[in-house]
Amino acid sequence: MPNADLTPYLRDRWSPRVFDPTHELTTAQLELILEAARWAPSAGNTQRWAFLAGLRGDPTFTEFQRYLSRGNAGWVANVSAVVVICFQTGAAPEDQETPYLDLAEYDAGQTAAHMTVQAASMGLHAHQFAGFDHQGVADAFGVPDHWRVATGIAIGRIGDPATSDVHEKDRSGRKPLSEIAYAGSWGAPLV
Ligand SMILES: Cc1cc2nc3c(=O)[nH]c(=O)nc-3n(C[C@H](O)[C@H](O)[C@H](O)COP(=O)(O)O)c2cc1C
């Protein structure tokens, strides 16, 4: 269990696979979640990220569904929105220089964290996923060659606890701090 003193948006965050198929997100709510992504920090403020976003039933969402892995197709069908996170990997034809390109993937990951926390503050759950045909999505949506499709983040209202995989949460354990936080020298636990 997470430390109870964590901010509730992080303490209660987890990645369910059962979402409420009747819940709808408004365009304004989706924009707010993307606004959270927009304000993520990035190296030199280069912001080498971009998003493909759709609400359940709209053309973007429906097209994206075609590329989902078998394991993800079922549950993603019930989420209220999907955001696909992309990041720049090379120079655009007009670019003279591309500073911090090597940090673009790192920066894009922070947008996912921002969206997750924003979703939590709106009473929603987010579930990130990489199980889809990345090249298929890139081709379908015309993602330029110097960009890469990274991950998807599904957002919605958690499903009915009676039918939901709430024990899935219990499987979501973590390494102890003593294994991952060092001080003095590598491997020497901070705590
Ligand atoms: C980059 C990335 C890829 C993931 N891919 C999938 C996926 O394809 N399908 C899935 O159900 N969950 C996927 N997950 C969710 C992880 O399995 C989940 O975050 C992890 O088990 C920790 O559980 P928690 O988020 O509930 O704490 C992915 C998460 C990340 C960050």
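What radius of gyration does the protein have, and why does it agree with that of a compact globule of 191 residues?

**Overview. The whole chain in a predicted model.** The coordinates shown here are those of a predicted model. The protein has a radius of gyration of 18 Å, which agrees with a compact globule because a chain of 191 residues would then be expected to have a value near 16 Å. Taken along the principal axes, the box filled by the C-alpha atoms is roughly 50 × 50 × 30 Å, and 37% of the 191 residues count as buried. The secondary structure comprises seven helices and four strands, which follow one another from the N terminus in the order α-α-β-α-α-β-α-β-α-β-α.

**Close-up 1. Strand E4 and its cover.** Strand E4, which spans residues 147–156, is mostly covered, with eight of its 10 residues buried. As a general point, side chains in a regular strand alternate between the two faces of the sheet.

**Close-up 2. The pairing of E4 with E2 and with E3.** Strand E2 (residues 81–88) runs antiparallel to E4 and is joined to it by eight bridges; within this pairing, Phe87 stands opposite Arg148 of E4. Strand E3 (residues 125–129) is likewise antiparallel to E4, and five bridges join these two strands. Here His127 has Ala154 in E4 as its bridge partner.

**Close-up 3. The shell around the ligand.** The ligand is surrounded by 14 residues, of which the closest are Arg13, Ser15, His127, Ser172 and Arg174. By residue class, the shell divides into four nonpolar, seven polar and three charged residues. Helix H4 (70–76) and strand E3 each supply at least two residues of this shell, and E3 gives the most, with three residues. His127 thus appears in two of these views, as the bridge partner of Ala154 in E4 and among the closest residues to the ligand.

**Close-up 4. Polar contacts of the ligand.** An oxygen atom of the ligand is 2.8 Å from an N or O atom in the side chain of Arg17, and an oxygen atom of the ligand is also 2.8 Å from an N or O atom in the side chain of Arg174, a residue listed among the closest to the ligand. The backbone contributes as well, with a polar backbone atom of Gly131 lying 3.0 Å from an oxygen atom of the ligand. Taken alone, the ligand exposes 620 Å², and the protein buries 62% of that area.

Note on methods: Residues are numbered from 1 along each chain as its sequence is written. This is a predicted model: local features need pLDDT of at least 70, side-chain atom pairs count only at pLDDT 80 or more; totals for chains, interfaces and linings use all residues. Side-chain values use heavy atoms; hydrogens and water are left out. Buried means under 20% relative accessible area, exposed over 50%, partly exposed in between (1.4 Å probe, protein chains only). Two strands pair if DSSP finds at least two bridges between them. A residue is near a molecule or strand if one of its heavy atoms lies within 4 Å of it. A polar contact is a pair of N or O atoms within 3.5 Å; within protein, one must be able to donate a hydrogen and the other to accept it, and residues adjacent in sequence count only if both atoms are side-chain atoms. Accessible areas come from the Shrake-Rupley method with a 1.4 Å probe; for residues, only the protein chains shown count as cover. Ala, Val, Leu, Ile, Met, Phe, Trp, Tyr, Cys and Pro count as nonpolar, Asp, Glu, Lys and Arg as charged, and the others, Gly among them, as polar. The radius of gyration is taken over C-alpha atoms; the globule rule is 2.2 Å times the number of residues to the power 0.38.
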